[in-house]
Every structure is written in structure tokens, then in C-alpha cells.
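Here are my notes on the model you sent over, set out point by point. I hope they are handy to have beside the viewer.

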Amino acid sequence: MTSTALRSRARKLLEMVTTPLLPSDYLDLVSPLRAGADLRGRIEAVHPETNDAATVVIRPGRGWRGHTAGQYVRIGVDVDGVRLWRAYSITSPANRQDGRVTITVKAIPDGKVSNHLVRRAKPGTLIQLDQPTGDFVLPQAKPAKVLYLTAGSGITPVMGMLRDTEFDDVVMVHCAPRPQDVIFRNELHDLVADKKLRLTEVHTDTDGMLDIARLGELVPDWAERETWACGPAGLLDAAEEHWTEHGVQERLYTERFRPSTVVTGDGGEVTFSATGKTVDADGATPLLDIGEEAGVLMPSGCRMGICFGCVTPLKAGAVRDLRTGEITEAEPGVLIQTCVSAAAGPCDIER
Amino acid sequence: MTAIDPTAHLTAEQIEELGRELDAIRDEVIAGRGEKDAAYIRKVISVQRKLELVSRGVLLFSIFPPAWLLGTAGLSVAKIMDNMEIGHNVLHGQWDWMRDPKIHSTTWEWDHVSPSEQWKHSHNELHHTYTNVIGKDNDLGYGIMRVDEDQKWHPFHLGQPLWNFINACFFEYGIAAYDLELGKNLHKRRRKNPEFRARAKAVGRKIRKQVLKDYVIHPLLSGPSFLTTLAATFTANLVRNIWSHSVIMCGHFPEGVQVFERRSIKGETRGQWYLRQMMGSANISGSKAMHFMTGNLSHQIEHHLFPDLPSNRYAEVAVKVRALFEKYELEYVTGPLPKQVFSAWHKVFRLSLPNKKPKVKTPDREQELVAA
């Protein structure tokens, strides 16, 4: 008998001992970060960065596969007893010696998870993790010249890159309301002092918003640089337009934290037939949020319409894609992305 | 059933007001659910698992009488915790709001021969919706007993004290059969129904797993203690069965609890539904430990009013609910466990014999509402 067959036999036998639970249910009590467990992490420290941002140091479980600089990780945090999932960019370099990873979180107004992590998270707390993901990463071949264009918390994936890989010629343009709002300011200035980075800070409270059309005044050779941009939708939309206008769009890589919602319509009564719950939904709230709010176990992923981790059969009724306004009607086999779909009249979601 | 309707003094308007007051109690708890509640259920689950592990560990040496006693007692308590404070309440969706897939009504499985999926249907949907409605709520005597004067007598009921005793000893099997609606489905024509067969298969699988674990694998692991461990797991299951049967009998069978006619729930309003739950349930009084071991079903009235509120909150809810009973001059049926168990058994004996059909006048609230 091969060792895998033997192991599967042993596991089956163990399951017969622990039924109706699984052996892992007992192991989780003593060793939640072990290899083979659902991927979790333990918060080891929380360091304040600015008034409303903090870096969370996480010790990931043994199953953690490691990340590439620029990627993000989804974490599930229990806030007031309710498990909420959010995605955050990883700010630690991929080769960190102690195996810990850090995320840096900016508390946004009314943000349940971000405020919890920045202000209330305690070392020792267990959180749920997903494997890191995202294609906002550096290429295999080192580019000769690099531009990082960031605003606000958009600096976080770029900080992961800066800490990970050194380039000969790196320019960064970063926007924040005031100097004290610049996350990682001391570290950035150290890099400047070491001549590893040229940095332009745009303080939007005094300087006004960055006008992309005048980027050339700050970085004359911007069009020759491989550029990684991350920030609010307005900045990224403008950048994409500008790069396309100059025919260099292949040099621009962008990362968005949120989908841009364009259309909303009327909502309706939403039934989650597998769970047996019915709730009223407006036409602007994603069905994922509606379901979670009602206590339905909804699969979720990036929460912005990219990863398809949340797809669920639509049994009846119609839903509206919040990004395009497109209506999808129920037919056998129709799957919808609940994170970017809202009710368009009464509908039935198979959860 | 008493010949006088104990709610006759309430107007339709008062009943709706009562409903609104109960809704307010519910909303307050829901708004306050949080970290402490989550920590509570996680702690209970963790303690239960550790207790079960340790008890089964001790039972590996059950050939020594002190080990047998200790292990059997521990395993009995662990099984009771699993079924009552954890399983029953998780399967009610009381903890779904935490969005933890490991503690959720759609993923939970319990140490019981009835698969959670089937139990949820017969218990959550049928019993909790049609509480104490004759002909609709099969929990009223589980289809083998008469527990109300209004239920029709049959010579079969002469044996009901014995049926009840057997049901108590093998309660989990009684529930599995009940969830399968065996009485109805064993008729020749229904037996072949594919849906019934699939459900029966699921129960068969669950029974096999439970029996293998408790009566084969665990005794085998005990080696020389094989027989004593077998006796221990059998005893633990027996203790759990009799305990849960007793607690559950106290929920709806003691004297003073009302039952309802089918037609009385036609067009029932939210307020009337609440009132039926209030009059159709009975509590058990006692210490904190007592409430815990009953899975807080000692707060049966509160549980029936708010089946999906976290069980650790029923005690505080009970204070407010009881005040409403007083305000609306209704009888809050409660008593210590021995008294309530005796009362329920007394009824089982009494109603094994036929009685004169009582004359009951249920007020027709539908008309009253229209008038109001």
C-alpha cells in the first residue's frame, strides 16, 4: 500500500472516531496554525503609522504559500462577533526573514473592519486568511526606470514592492492631504536620503489635486517608465486616459481597491432559498452584502467583481450589474457575481 | 385544555400591542449581539469538545470502576451539551449572525442519529410554526400519545405510559423516526417515494456512523476494557436521551399549557402567533447550571417567542417577558424540573384513558380584528 493510501485509510478511521465532527475540529482547539488546517493567522503586533493608519503584523499558518510583492490578501476578522472579510495589500517584502507578513490599513469613515484593525485589534487574535493573490506585481525582468504613482492608502502595495526589490532608477509621486497623512513617511525619506528613491509628495490640502496632464512637470520622462499606479478611481481613470493618449498604455499597471459603481435601480425582495431567508434589498447594495447581513453563508472573494469567488446560481428573478447596469435574468445554469450585483426586482439566490 | 380560554380578556388591539412589545424586546437583543456572545458559544463548544475527548480517554481504562464512573459521567454531560446548548441552538440559526461557517445552521452536524438537515425541517419549520396546534404540530405527543383532552382517544393510547418510557430511553431514535414521519410514510404507497427513500438512507447512514463510533470503534480502542466501555457509551446515550426527553416534555406537556384548534390559527396575526407561543409553552425554574444543561430550553417560553435569539440571552429576556405576562394578566407556566416532569407524566397517564370531550370556546379573533 502506498503511503498516501495508508494515510487516507488512517484519516478515514480517525473520522469514524470523531464523527459527526472531523479530527481537525479537535486539532483546531490546540493548534489552529498547523499545516493542513484551514488557513489562519495570528496578529502579533499592531503599529500605528499615522493618525488613522496602522500596520498589522501577522504570523500566517503553516499552509501559507508566500506572496509576491504588490499582491493582496483577504482576511476574515471577527468584528463585534461577526466575521467580515476584506482585502488588504501586503506591505512586507516577500523575503522577510521571520516569515511574518504585514498589511497596512487605513481607517476609512464607517469602515467596520479598517477601524477595528487600526484602533481595536489586539495581539494574539486569530484571523482567517486566504492565500495571497493579485496581478499588480513587478515583472520578472527588471525594468530600467520605474515610476510609482500613488495616493492615500494606494501606497500600500507599492510599499511592498519598494521593500522587496531595488531598482536603479525609481521615482515616486505620492498624494496625501497633509504631510502627516503620508503613510511610511519616515521610511520613504530614509530611502531618499540613501539615494534609492526620488520622491515627490503632493499635499492635496495645500497643493490641490494632482493634475495628471501636468505629470510631465514632475517627472519629465514619465512615458519611458514602467509605471505602477494605485489610488482612488479618479486618479486611476485619469492615468489610464493619459497613458493611452500618449500611446504608452502597456507601461501602466493599475490596482483598484473598489469597483466603480455606475448604475443603480430599484431593488426588491431577495430570497435565499437554501437558507430559507427573505429580506428586502435596495437596488444599490450588492447581494453579497445583503446575504451576509441576513446571516446567510455567502461565498466571497475580492468583493469587486474580479475573482469570481462569489458566484452563485440565480434561481428566479433579475439582478443588475452595478458596474454596467446590465440586467441578468434567471435561467437554469445562470450564475451571478453577488459582489457586484444588486436586486432588480424580486429574486431568488440559491444559498 | 381548560374549558375557559385564558386569553379571552384580551382585545385584538391589545394582542397586537403585546406583539409590538415583544418585537421591541427582540430588536434590543439583536442590536446588542456582539463579541461577548460569540466568545460564549466558542467557549461552550471548546469545553464540550475537551470534555468529550478527556472522558473518552478515561474510558479507555473503563475496566477500573472509578474510571468507568468518571468517564461515563463526563461523556453523558458532553453528549447533553452537544445536543442541547450547542446542537439544538446552532441548528436554530441562533449563531448564524456570526457568519462563521464552522458554527452555522447550514453546516452543523450533531451527536444524534437524526441528521441535522431533517431535524431542522420537522422541528424549526413544523413544530415552531404550528406550536401546539392539534393535527399540525406532531410534537404534541409525537404521534404516539395523547397529551390533550381534545386529541381523539384510541385503544392504542392505553399503552402510552409505556410508549413514553421507551421513547425516553431511545429518544434520539424516536426523533429520527419522527423526523422521517415514519407513521405516515410506512404506508405501502408512500414507502417507495424516492424522496422518502433518500431521507431514510440518510438516517441509515447517520445511525451507522453513530453506532460504529459508540459501540464498535470506541470499545475496540479500549482493548481489555471493551465491554465496560460499551456499557459506558450505552449508559451515556441513555442518560442523554432520558434527560433531553424530560426537558422537552416539560416544554409543552405540563398542566396549564394550552393547545389550539386548526381553525384558530387561520389568518393569525403576528401578535396572535406570539400569544399562542406564550400560552403553548412552559418553563423550568432552577439554577444557572440547570438552565445550561437544558440548553436554555428551561426558558422554553422565551425560546418559542424568539427561536433564533442566542440562548445565552434567554435569561435576561425572560425577566422582560414575564413582566409582559403580568401586564396582560396571563399565566406564566413554570416550576422546578421534578414538578414539571411529574405534571407531564401525570398527563400521559391520565390521558391514556378516554375522557368526555370538553366544550371549548375559542374566540374568533379574525372577526374581532375586522371589527376593530
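**Notes on chains A and B**

1. Let me begin with one pair of residues: A:V57 stands opposite A:T102 in strand 5 of chain A. The strand carrying A:T102 pairs with strand 2 (residues 53–60) of chain A in the antiparallel sense, over six bridges. Two strands count as paired if DSSP finds at least two bridges between them. Helices (H or I, at least four residues) and strands (E, at least two) are DSSP runs, numbered from the N terminus.

2. A word on what you are looking at. This is a predicted model, in which local features need pLDDT of at least 70 and side-chain atom pairs count only at pLDDT 80 or more, while totals for chains, interfaces and linings use all residues. Residues are numbered from 1 along each chain as its sequence is written, and chains are lettered from A and ligands numbered from 1 in the order in which they are written.

3. Strand 5 (residues 101–106) of chain A is mostly covered, with six of its six residues buried. A residue is buried if 20 or more other C-beta atoms lie within 10 Å of its own, exposed if 12 or fewer, and partly exposed in between, with C-beta atoms placed from the backbone. Both faces of strand 5 are covered: A:V101, A:I103 and A:V105 are buried on one side, and A:T102, A:T104 and A:K106 on the other.

4. Strand 5 belongs to an open sheet of six strands in chain A, ordered 4-3-6-1-2-5 with antiparallel pairing. Its edge strands are strand 4 and strand 5 of chain A, each of which pairs on one side only. From one strand to the next, the twist averages 40 degrees. Axes here are lines fitted to C-alpha atoms, for helices over the stretch in contact, and angles run from 0 to 180 degrees between N-to-C directions.

5. At the other edge, strand 3 (residues 72–79) of chain A and strand 4 of chain A pair in the antiparallel sense over eight bridges. You can follow the register through A:Y72, whose bridge partner in strand 4 is A:S89, and through A:G76, which stands opposite A:W85. The hairpin of these strands has two residues between them, and A:D80 takes a positive phi near 50 degrees there. Helix 3 (residues 112–120) of chain A lies across strand 2, strand 3, strand 4 and strand 5 of chain A, running at about 85 degrees to strand 3.

6. Chain A has another open sheet, this one of five strands in the order 9-8-7-10-11 with parallel pairing. Strand 9 and strand 11 (252–255) of chain A are the edge strands, each pairing on one side only. The twist averages 15 degrees from one strand to the next. Strand 8 (residues 169–176) and strand 9 of chain A pair in the parallel sense over six bridges, with A:V171 opposite A:R198 in strand 9. Helix 4 (residues 155–164) of chain A packs on the sheet, touching strand 7 (145–151), strand 8, strand 10 (226–230) and strand 11, and its direction makes about 140 degrees with that of strand 10.

7. Is A:L199 buried, exposed or partly exposed? This residue is in strand 9 (residues 198–203) of chain A, and A:L199 is partly exposed because 16 other C-beta atoms lie within 10 Å. Not counting residues up to four places away in sequence, A:L199 touches A:M172, A:H174, A:L188 and A:V192. Contact between two residues requires their C-beta atoms, placed from the backbone, to lie within 7 Å.

8. Now to the interface, where 16 residues of chain A are in contact with 25 residues of chain B. Helix 1 (3–18), helix 2 (23–30) and strand 4 (82–89) of chain A each supply at least two residues of the chain A side. Helix 2 of chain A gives the most, with three residues. By class, the chain A side has seven nonpolar, four polar and five charged residues. Ala, Val, Leu, Ile, Met, Phe, Trp, Tyr, Cys and Pro count as nonpolar, Asp, Glu, Lys and Arg as charged, and the others, Gly among them, as polar.
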